[in-house]
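Me: I'd like to learn how to read a strand-rich model step by step. Could you take me through this one?

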Amino acid sequence: DAYRNDGLQPVVIELKYKSGTPVDLSTSTVRIQLKNSLGKLVWEFSSASADPDKILTLLPEGKIQFPRVSSWTIPASKYFYDLQVVSTDGYIRTFLKGTWVIKEDITT
């Protein structure tokens, strides 16, 4: 969960196969889309983004770093997300999915 208008601290996640082997991301594009209950896209993090608030940095050993965002100004709501890795040949694999709740901030 997060609060609307709050910043986001950078975080690193690591993708591994069930065998424990890290996912090779060296030639892939990674993206996470947040969509509302109507399926409308409201935010996308991507390793191909030109926007520093939306860029995912791909690191060795299957690690993905999310950016530091000074102020995240998306509406307070419950969003649905998934994390996809797209290889250069177009093969898509979804590694994570879930919900991300953005709560209304009290202080404005």
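Me: Let's start with one pair: in which sense do strand 3 and strand 4 pair, and over how many bridges?

Reply: Happy to, and keep in mind that this is a predicted model. As a general idea, strands of a sheet pair through backbone hydrogen bonds, either parallel or antiparallel. Here strand 3 and strand 4 pair in the antiparallel sense, over five bridges. To find the register, look at Arg31, which stands opposite Ser46 in strand 4.

Me: What is the order of the strands in the open sheet?

Reply: Follow the pairings from one strand to the next. The open sheet has five strands in the order 1-8-7-3-4, and its pairing is mixed. Strand 1 and strand 4 (41-46) are the edge strands, each pairing on one side only.

Me: Which strand pairs with strand 8 in the parallel sense?

Reply: That is strand 1 (residues 2-3), which pairs with strand 8 over two bridges. A handy place to see this is Ala2, which stands opposite Ile102 in strand 8.

Me: How many bridges join strand 7 to its partners, strand 3 and strand 8?

Reply: Take one side at a time. Seven bridges link strand 7 (residues 77-86) with strand 3 (residues 29-35), and the two run antiparallel. On this side, Lys35 stands opposite Phe80 in strand 7. Ten bridges link strand 7 with strand 8 (residues 92-103), again an antiparallel pair. There you can check the register twice: Val86 stands opposite Ile92, and Val85 has Arg93 as its bridge partner.

Me: What should I look for in the hairpin of strand 7 and strand 8?

Reply: Look at the connection and its backbone angles. Five residues lie between the strands of this hairpin, and Gly90 takes a positive phi near 90°.

Me: And how do I read side chains along a strand?

Reply: In a regular strand the side chains alternate between the two faces of the sheet. For one case in strand 7, try Lys78.

Me: Is Lys78 buried or exposed, or something in between?

Reply: The in-between class runs from 20% to 50% relative accessible area. Lys78 counts as partly exposed because its relative accessibility is 45%. Leaving out neighbours within four places in sequence, the contacts of Lys78 are Lys35, Asn36, Thr99, Trp100 and Val101. Lys78 and Lys35 are 43 residues apart in sequence, yet their C-alpha atoms are 8.7 Å apart in space.

Me: How does Ser28 compare, and where does Ser28 lie?

Reply: Ser28 sits in the loop between strand 2 (12-14) and strand 3. Its relative accessibility is 13%, so Ser28 counts as buried. Setting aside residues up to four places away in sequence, Ser28 touches Ser47, Leu58, Val85, Val86 and Ser87.

Me: Which residues line the second largest pocket?

Reply: Ser28 is in that lining, together with Tyr17, Val23, Asp24, Thr27, Val85, Ser87, Tyr91, Arg93 and Phe95. This pocket holds about 160 Å³ of space. Sort the lining by class and you get five nonpolar, three polar and two charged residues.

Me: What is the volume of the largest pocket, and how does its lining divide by class?

Reply: The largest pocket has a volume of about 190 Å³. Its lining consists of ten nonpolar residues, one polar residue and no charged ones. Among the lining residues are Leu8, Gln9, Ile32, Phe45, Tyr81, Leu96 and Trp100.

Me: Stepping back, how many helices and strands does the protein chain have?

Reply: The count is zero helices and eight strands, so the pattern along the sequence reads β-β-β-β-β-β-β-β. The radius of gyration is 14 Å, close to the 13 Å that the globule rule gives for 108 residues, so the chain is as compact as a globular protein of that length. Along the principal axes, the C-alpha atoms fill a box of roughly 45 × 25 × 25 Å.

Me: What share of the residues counts as buried, and what share of the contacts is between residues 24 or more positions apart?

Reply: Of the 108 residues, 28% count as buried. Among contacts with a separation of 6 or more, 59% are between residues 24 or more positions apart.

Note on methods: Residues are numbered from 1 along each chain as its sequence is written. This is a predicted model: local features need pLDDT of at least 70, side-chain atom pairs count only at pLDDT 80 or more; totals for chains, interfaces and linings use all residues. Side-chain values use heavy atoms; hydrogens and water are left out. Two strands pair if DSSP finds at least two bridges between them. Helices (H or I, at least four residues) and strands (E, at least two) are DSSP runs, numbered from the N terminus. On a 1 Å grid over the protein atoms alone, a cavity is a set of points where a 1.4 Å probe fits but cannot get out, and a pocket is an open set with protein on both sides within 12 Å along at least five of seven lines; lining residues have an atom within 4 Å of a point. Grid points are joined across faces, edges and corners, and a volume is the space filled by probe spheres set on the points. Ala, Val, Leu, Ile, Met, Phe, Trp, Tyr, Cys and Pro count as nonpolar, Asp, Glu, Lys and Arg as charged, and the others, Gly among them, as polar. The radius of gyration is taken over C-alpha atoms; the globule rule is 2.2 Å times the number of residues to the power 0.38. Buried means under 20% relative accessible area, exposed over 50%, partly exposed in between (1.4 Å probe, protein chains only). Contact means heavy atoms within 4.5 Å.
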